[in-house]
Amino acid sequence: MGAGAAAGGVAAASIADSAANMAAQEAIASNQRQMMLQTTAIQVKNAEVAALCNMILDCVKALNELLKKGGAAMVSAIGQ
């Protein structure tokens with residue numbers, strides 16, 4: 001094999017390596033985009049769960065207030 005053929009083979013291998021590296025970088029970038037989307041979806045779900053927990057807490061507080069008022073009314077009725 002002549003020097004020209006050897007240089008051509010090296011150049012072709014270099015181009016193939018570059019293409020493989022570019023494909024690998026794109027795969028990594030694609031994976032990172034997918035992970036960002038999943039993270040965003042998880043953050044949205046966490047916010048929904050937090051809102052639901054706050055609603056439940058508000059309901060518990062309201063029930064406690066009703067129990068306090070109801071208890072006071074019962075004591076008042078018994079005292080009369």
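## Two cysteines to start with

Let's begin with cysteine 53, which has a relative accessibility of 45% and so counts as partly exposed. Cysteine 59 falls into that class too, at 48% relative accessibility. Keep in mind as you look around that this is a predicted model.

How many disulfides are there in the structure? The count is zero. For a disulfide to be counted, two cysteine sulfur atoms would have to lie within 2.5 Å of each other.

## Helix H1 and a nonpolar patch

Helix H1 covers residues 3–79, and leucine 52 is one of the residues in it. Is leucine 52 buried or exposed, or something in between? With a relative accessible area of 47%, leucine 52 is partly exposed, because that value lies between the 20% limit for buried and the 50% limit for exposed.

Leucine 52 also belongs to a nonpolar patch on the surface. Its partners there are Met55, Ile56 and Val60, and the patch has an area of about 380 Å².

## Three salt bridges

Now for the charged side chains. Side chains of opposite charge can pair when their charged atoms come close. Across the whole structure, three salt bridges are found.

One of them joins arginine 33 to glutamate 26, with 2.8 Å from N to O. Both partners can be found at the surface to some degree: arginine 33 is partly exposed, with a relative accessible area of 44%, and glutamate 26 is partly exposed at 43%.

## Pairs one turn apart

Which residue does lysine 45 meet in a salt bridge? The partner is glutamate 48, and the N to O distance is 3.0 Å. These two residues sit three positions apart in helix H1, so about one helical turn separates them. Glutamate 48 has a relative accessible area of 43%, which makes this residue partly exposed.

Further along the chain, glutamate 65 and lysine 68 form a salt bridge of 3.5 Å, again given from N to O. Here, too, the partners are three residues apart in helix H1, which means that about one helical turn lies between them. Their accessibility puts them in separate classes: glutamate 65, at 39%, is partly exposed, while lysine 68, at 57%, is exposed. Lysine 68 earns that label because exposed means over 50% relative accessible area.

Conventions: Residues are numbered from 1 along each chain as its sequence is written. This is a predicted model: local features need pLDDT of at least 70, side-chain atom pairs count only at pLDDT 80 or more; totals for chains, interfaces and linings use all residues. Side-chain values use heavy atoms; hydrogens and water are left out. Patches are made of residues with over 30% relative accessible area and no salt bridge: like charges are joined within 9 Å, nonpolar side chains (Val, Leu, Ile, Met, Phe, Trp, Tyr) within 5 Å. Accessible areas come from the Shrake-Rupley method with a 1.4 Å probe; for residues, only the protein chains shown count as cover. A salt bridge is a side-chain nitrogen of Lys or Arg within 4 Å of a carboxyl oxygen of Asp or Glu. Helices (H or I, at least four residues) and strands (E, at least two) are DSSP runs, numbered from the N terminus. Buried means under 20% relative accessible area, exposed over 50%, partly exposed in between (1.4 Å probe, protein chains only).
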